[in-house]
Structures are given as structure tokens and as C-alpha cells.
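Got the viewer open? Let's walk through this one chain by chain.

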Amino acid sequence: MKNIYIFLYFFSVFIVAENYEPFESTYEPLPPTNTIFRNANIYDGEGNELIDTDLIIKDGKVVAIGVDLPSSSDLKEIDATDKWITPGIIDIHSHMGVYPAPSVKTSSDGNEATSPVTAEVWAEHSIWVQDPQYALALKGGVTTFHVLPGSANLIGGRGVTAKNLQRNTINSMKFPNAPHSLKMACGENPKRVYGNRGQMPSTRMGNAAGYRKSWIKAESYLSKLDEYEAKSEEAKELSYKPTRDLELETLAGVLRDEILVHNHCYRADEMATMIEIAKEFNYKITAFHHAVEAYKIADLLAENNICAALWADWWGFKHEAYDMVQANIAIVDQARNGTGCAIVHSDDEIGIQHLNVEAAKALSAGIKAGYDISKARAMNWITSNPAKAAGIYDQTGSLKVGKNADVVLWSKNPFSIYALAEKVYIDGAIAFDRSSGLEPSSDFDVGIINPSKNRIEE
Amino acid sequence: MIKNKFLLTLIILTSNSVFLESSNLVIKNAEIYDGIENNPYQGHILINDGVVTKISKTSVPYADKVYDAKGKIITPGFIAPDTQLGIVEIGALNVTRDDEASIYNIGFSIHDAFNPNSVLIPWNRANGITSAITLPRNTSSPIGGLGSFFLLDSSLDISSEADIVMIGRFGGSGSSSRAEKLALIDDMLSFASSLDKKDMSSDASIDEVIDDSSLASHMDFKPRDVKALYRLINDNLPLIIKTHRASDIIKLIELKNTYNLNLIIMGAQEASLVADEIVENNIPLIVNPINNIPNSFDELASNINMTPMLEKAGATLMFNVSRSHNYHLIRQGAGVAVANGMSYGGAIKALTSNVAKTFNLNNRGSIKVGNMADIVVWEADPLEPSSMPEKVFINGVDTDLTTRSTRLRDRYISDLEKPNTYRN
């Protein structure tokens, strides 16, 4: 009898586990706006500049890109002469939703700063979907964003990639099938937060020990899991499945290459240490974030196939951010014969609205440093490269036939400060239209100054 | 009073070899945005001993040195009105911060902490900022703390104007009601108005005044604090109050009119709701044109269109774009304002002459005969952040545009065959 109960127990767990994945994306696009853009200038996100070119988006996908494409009656025609088209912009480092506006304690949910390792927390469980910042980012051409926990902890928890289409639940904003990510942090922040409490880590060597202790636990958990999963069905019935551990489940996901590591790290020497730790435990670092000193080890990053997600010019707020070089992004990009992966990120609710201008500054600094980098290539820094780092490049990040029609129509060349996003499409559906006034507003915006108006209604 | 030590500066700088001396220079063929007119004009600028002595639209005046700015835009050097330049080196490192006092409060002056060798100074200069107003951090008092004006010429013989502005802040904070804060400002201003010259004759007499005032005693005023309050009223010292909410701006306007204050409002994220009142009462604003985030419940009306809207209403505007050490990003902010409808000439004025006028920097902020020659030659449109200064003249001196940032850059892109520590 007892065995039957055990069997039933496992059977039921099995059913639940197989049929229900919690927190799956329920995203559905808006109805498509099938469109042919005529005579546009295009940066395709693959490093190409296409002048006087047509683009067709249909049923949510990029359908054709070329000169004098045939139209059809089901396509709305937009004259894009003298205008520019780019892929939807992707921010690989955002805290929208977890540090929403207004910035108040009651919804400041980005750092579970109560223990240096909190791999068990998920940023998506903190996200406030009524944050008024998503719509502002959308007007800056951002169609996809990756939200990370903050950097107080050595291992801060899981990040989430979302479509910039505001909805009432986070599940309905989540980018379908995007891999989960893990936030890790080097340097001053964790050692300050915990050192000030007289606990470990209070030094950088304490930081390094903290990561390694966690990975040792994760390896042990993973081997138990592997051992169990390798058993025959009969043998599984006769043994216990290892008890779930949320923290170790996340870390094991990294060791299984299912979860992408995004590592906040400023100093070159610390990044090199983190690369050693990744090799010790056989996991991959997808990107270093902020990485003010990436230019000092640009070759090492390129050799290890690690992206650097960077600001164009922020510096000096911390000692580890003192050695700023404005050509940082260009130097990373050009490392090892142009095989480096450079990303312009925001980490900021204003910066996310102007990633095109941030890329323009970084490009200008790169050209002044003597590099021959085209605008078309610099566009990759805010489109295809962040798509790769988020693990969604097969679906978005460039205007390739068959990919999602995440598209921005700009009034001018997007490397100009005067360029405004005129129309933004997510999955081929218009989400923002400057001329018609179509724009989303969150519940927060409704009636909050004047009851009969929205917050920023003219 | 500007401490004009220009001749001495020249002697020091020439021996320093960092800067090129030029006592007599003409910048010719420039497209000049002079900071006064909205539209540019073509002209030649003659500079003698650091002063603009002639602007010719026809023939090129003779000078020992000639700089041809053909095809280039020139502007007055930009003046950043809200910085911590020279007093904060690394934000999160207290030992490099000199923006706070522990004993003095209202009368706390940052002036003597200024470090002309800060690496922030060449960096901001190389991005077109030739001078700046440096402000302390807000104190526990709702008004108090004195800011100074500095030239960004990296000279140890500092050119400055000390204590030209008092700061304050007003709004929701979570500590006490804004009504109490307003009452406190009102009481402080009332105390300041009651001071007469006789009271100020010595520290001993000021101590007596403090003893006689329950407010001054309770707030533990020191003679320096009282002197600063006296200047606020009697010298009509500019007072920058950081505030946002529309109803708070209205309350400050009432105070301005009661005490005849020289009030400047900073932040002002809801200024668009009270634009007419601001303009009618001649209140200059220091705004961040790029900040459209409703970052607090005092800033709900925050809007990217606010700056252009305020310009149309007739407000005097200046910019702060607080991005840590990059005070030069006021020009990116200006570009965003223009992209959203502000006039180009108006944006240039906001970066130059509006600051000079508001803070009584009488011989700076515009290119005109008699002004000090703080002039930037731009490689392209100065409001495009990707365009950089080609030349930055401060007091007519062609300054060095090398920065620690460009030095570090060069260390990692050239001489790579050498170990990095043996590179330049």
C-alpha cells in the first residue's frame, strides 16, 4: 500500500510538472498593421545601411526588404523618403518595473539586499506593470527590455526579458521563450552593503569566495539532480526526487547553460577574476555590465565571447567607475579584428529613451580614437548585440526576413539628437504613432493631476 | 567681484606649457552664435589680453595670431549653473567630497575647497564648459549653503567669484510637512529682514542678535550664517530653491514677493502648470530638459515638452542635466529641448548668457566687445552630442583639450607591443 501512495504521489507531481510551467509567457501581439515602407533609409541591425529601400512587414514578421518591392492591397503604404528605419531598440539593462516611477520605498523592489546570495528571487515577481516609464521608453524606440535585479548582492536573482507592450500582468508582457538570466555583481556594491553590516563579503576577496561557495553548492545539487534524472522510470519510483531548492535551481540552470549570466562588473582585473571563476565551474558569462574598464581587457572579452554592456560616458560616481574612456564601446567592438560584442545599455529611465544618441556619442568617440566604424555597425550596439545577449536574436534584433517585425521609423538619421521615433511597431503592430497621437499610458497616468486628463496630456 | 588675476595667470600658464598663451588673437570666418541674438552671423573676433576688443563682419582685424574657424560654429563657452565641479572627485568616496559642512549651515561656503586639478575640470572643459557654478549639498536647513563661480582653466591661481548664490529646497520629504518647511523659510527670511547694518558690525554684535532671536538660537545660528542671511536680503543675493510641485512653486512666488527675493527655481518639473505665474514674476528656472520622469509625487507633470513650452511662455531658462561627472551634458539636454520644439538660439542662450545674467557674471556668457573671451569653436553643431569642441578659449587662452580619459584611451590603443604600464 505504501508503495502505491508513493507511486501516486510521484505520478501527481509528474503530471503537474509536465503540464504546467509556472510563469510562462502569455504574451499576445496587437493586431498586425501590415505595411510597406517606401524609399526608406535602413540600418538593418546586421551592420548594413540600405538607402532608398522598401520594407514590408506582414502578420507580425519582416516579409521583404529590397528595392521597388511589389505592393498589394492588404498593405498600408507609408512614404518613408528621407526617413530612417531601424530594428526596435533593445535595452539589455533596465530596472523598469522593479525601480518604477515614482521612486518610492513602497515599490522599490529591485534589490533583495538581505543576503549576499539570493539566486532564488526573480525580478519578474517584483515588476510593477503600471510603471509609467515603459511608455516613455517606447517613444524612444525601445521594443524589448531586459530587467535585472539590482547589484547589492553577489548573486542577485533572475532577470526577465519583456516586450515593451504594457499589460496588466507581467506574464502577458514576457518575451515568449526568452531564456532566463542571472544577475551577478562584482566590486564595491556587495562589499559595501554587507561589509557595512559586519558580514561577509566586506572585501573583493570575500566577493570571490562568495561566488565560488555558491557554485560548489550548485554543482552538488546538479549532480544529485542529474543522478536522479538518469534513473529509469522504475528506479525513479523507488527513490526520492531531490527536494527542490529555488536558489540552487537557478544556479544549476546556469551550469546547464539554460540561464544566461549577466555580471555587473566595472574593473578589468575583477572581470578577469570572474572569467576564471566561470572556467572553474564551467559556466558561461554572457555579458559584463557597466564595465567601465572593459577597454583594458577588450581582447580577453572577445576571446571568451563575452559581451560588454556599457554606458557612453557615465563615470566617477564610484572609485571603480573612475577610469572612464569614451571610446570604451568602440574598443570592445573592434577587439580581435572586430569580433568583440559591444552593447550600449541604459540602466536608467532617461537613458533608455535616448539609446540612439548614446550610441552616437560612443561612435563619435570611436572614430576620434581612429577606428573606422560605420553608423550601420554602431546600430548593432543597441539592436542585434543586446538581442544576442538576451538570447532572443533568432526572433528579433535585426530586420531579417522571417524575424519579428519590431521596427522603428525615425524622422531623421537616428544618430542625430534631433531624430524622433515617429512610429514604433512591435511584432508588426503599431504601438506608438507620434502623428496620430496613439500612445499607451499606464493606469498610474490616469487622472492623477487633473481627473479628466492623463498625466502628460497636452 | 571677479578676482581677475589674468596677467598673473598668463605668466603661470605659459611656464606650465599646458596652455598656449595668446595675448593678441583673431578668430576669423566664424559662424557666431553670440549668446545674445537668436540667429548666427559671420564674423571675425579680435581678442586682446583675454578680452574681446572688436567683432568685425567685414575685414579681418590684424592680430599676431590667427585662427581660421571657416565653416565652424562658435559659441560662448558654456556655463554650467548647477555642479559640484572642484569639490567632489568621486561620488561614493567621502574623503574626496567637500560639499558638506558639520558646524556651519546657512553660511557654509564651498569656495575654499575648490580643487582646480580635479580630473573633472579638463573633461568638462574639453566638452565645451568654460566656467561653472559649484554648489554645496543641501543642508538640514531649508535654505542655506553658498555656491561660487569658477573658471575651468585648471589654474592653481583660481579665478572665481565667491559666494554668489544661496541654495535651498522645498517639497515633500517624509520628515516634516512642507507647511512647516515653508513656515521655517518664512521665519528665517523675516529674521534676515530684521537685520540692520549696525547688527552686522562685529561677530560680537551678531552673537547678541542671535541671543535675542528664539529662531536663531534654536537653529544654532553662527555669525557666518547670519551674515549670509543678511546678504540674502540686503545684497539681493540670488537664491536657488529646488522644488517641483506646482502648488509649491506658487508658495515660493508669494515668498519672493513678500521679501523681494532674487529667486531662481531649480528642478521645477511641474513648471508647465504655472508657467504664466513664473513668467509674470520674473523667476529664472534651472531645468533638466531631458528629465521627463515622474520621479516623485511632486513631479507628476514631468514632461519632455516642458522646456519648449516654458520658452514659448517667455521664461528665462538654464539647464542642469545631472549625469554624475558629465556636467557638459547640458548641451545634450539642450539638443533634446530643440528636438522637441525649443528654438536653437534660445537653447544656446540657456547654456550661456542666461546663466551670466541670472548670476550677475557681467563680463561672461556672450561674445561681445568688452567681455572676457570664453569661446568655443565646434567641429560641428554644438547641440549634437557627437560633435566636440575643436578649440576652447578661456580668457582668450587656447586651452589644452587633453583629458585623463583620452590619455587612458591612448594607453590601450597604441604602443600595444609594450606592457601597458610602460606605455605613455
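## A tour of two chains

Start by selecting chain B and checking its contacts: of those between residues at least 6 apart in sequence, 68% join residues at least 24 apart. Keep in mind as you click around that this is a predicted model.

Stay on chain B and switch to a cartoon view. You should be able to pick out 13 helices and 16 strands. Now rotate the C-alpha trace: along its principal axes, it spans about 65 × 50 × 45 Å. How does the radius of gyration of chain B sit against that of a compact globule? A compact globule with 424 residues would come out near 22 Å, and chain B has 22 Å, so the two agree. If you colour chain B by burial, the buried residues will cover 56% of its 424 residues.

Next, hide chain B and select chain A. The cartoon here shows 12 helices and 16 strands. Turn the chain along its principal axes, and the C-alpha atoms of chain A fill a box of roughly 70 × 55 × 50 Å. The globule check works here too: for 458 residues the expected radius of gyration is near 23 Å, and chain A has 23 Å, which agrees with a compact globule.

Colour chain A by burial as well. What share of its 458 residues is buried? The buried ones make up 54%. Last stop, the contacts of chain A: among those with a separation of 6 or more, 71% are between residues 24 or more positions apart.

Methods. Residues numbered from 1 in each chain as written. Chains lettered and ligands numbered in written order. Predicted model: local features only at pLDDT ≥ 70, side-chain atom pairs only at ≥ 80, totals over all residues. Helix = DSSP H or I, 4+ residues; strand = E, 2+ residues; numbered from the N terminus. Rg over C-alpha atoms; globule rule 2.2 N^0.38 Å. Buried ≥ 20, exposed ≤ 12 C-beta atoms within 10 Å, placed from the backbone. Contact = placed C-beta atoms within 7 Å.
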